[in-house]
Amino acid sequence: MDINLSQKERMLLEDQKSHEQLCIEKYTNYGNQAKDTQLKEICKANENVERSHLNSINQLLSGSIPQMNQQQNQNSTQNVNSTQSAGPSLSDKDMCTDLLMTEKYVSGTYDTTIFEFRDTRVRDVLNHIQKEEQKHGEAIFQYMESKGMYTVQ
Ligand SMILES: [Fe+2]
Ligand SMILES: [Fe+2]
């Protein structure tokens with residue numbers, strides 16, 4: 001055991017865990033539904049990073065500090081339901097807007113979570129993940145802008 005989590009720290013990590021699971025589901029489903037190949041690729045790439053985030057959060061919850069530089073190529077064995085829902089399909093633009101909103105929200109919750117942690121090593125892990133969430137948002141924003149889906153004011 002590397003770390004001893006307080007009740008509050010554990011609860012915050014459980015929240016982040018559910019956010020990561022939802023991110024994986026969204027990227028999996030939208031990657032399948034997207035009409036544009038480039039958007040499919042962005043979804044696939046981000047999905048893989050979200051899986052590494054889920055791994056890291058699970059490691060923290062089990063009391064150990066994940067090695068961030070080894071996270072990149074690690075494939076999660078976590079089983080996430082990836083079946084496509086039967087609802088009405090969204091346009092590529094709607095999916096991008098939802099993904100951007102999701103990343104913005106998740107980045108914000110990491111920020112709040114970081115401030116509650118006592119252990120610097122955990123803060124560093126969470127900070128690393130938050131930075132990657134911002135990169136996901138950036139990739140989606142740049143895609144949207146290049147396709148004329150996002151009007152900069
Ligand atoms: Fe994530
Ligand atoms: Fe993300």
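Let me begin with the largest nonpolar core, which has 17 residues, and in which Leu 13, Ile 57, Leu 60, Val 122 and Leu 126 have the most contacts; a nonpolar core here is a set of buried Ala, Val, Leu, Ile, Met, Phe, Trp, Tyr and Cys residues joined through side-chain atoms within 4.5 Å, and buried means under 20% relative accessible area, with a 1.4 Å probe and protein chains only. At least two residues of this core come from each of helix 1, helix 2, helix 3 (92-115) and helix 4 (120-146), the helices being DSSP runs of H or I, at least four residues long, numbered from the N terminus. Helix 4 gives the largest share, four residues.

I should say that this is a predicted model, in which local features need pLDDT of at least 70 and side-chain atom pairs count only at pLDDT 80 or more, while totals for chains, interfaces and linings use all residues. Residues are numbered from 1 along each chain as its sequence is written, chains are lettered from A and ligands numbered from 1 in the order in which they are written, and side-chain values use heavy atoms, leaving out hydrogens and water.

Turning to the metals, the iron ion (ligand 1) has as protein donors Glu 20 (OE), twice, Glu 50 (OE), His 53 (ND1) and Glu 133 (OE), at 2.0 to 2.4 Å, where donors are N, O and S atoms within 2.8 Å of the metal (3.2 Å for Na, K and Ca), and sites may look incomplete because water is not among the atoms. Glu 20 in helix 1 (residues 7-33) and His 53 in helix 2 (residues 37-61) are 33 residues apart, and both are buried. Glu 50 coordinates both this ion and the iron ion (ligand 2), the two ions being 3.8 Å apart.

Notes. Buried means under 20% relative accessible area, exposed over 50%, partly exposed in between (1.4 Å probe, protein chains only).
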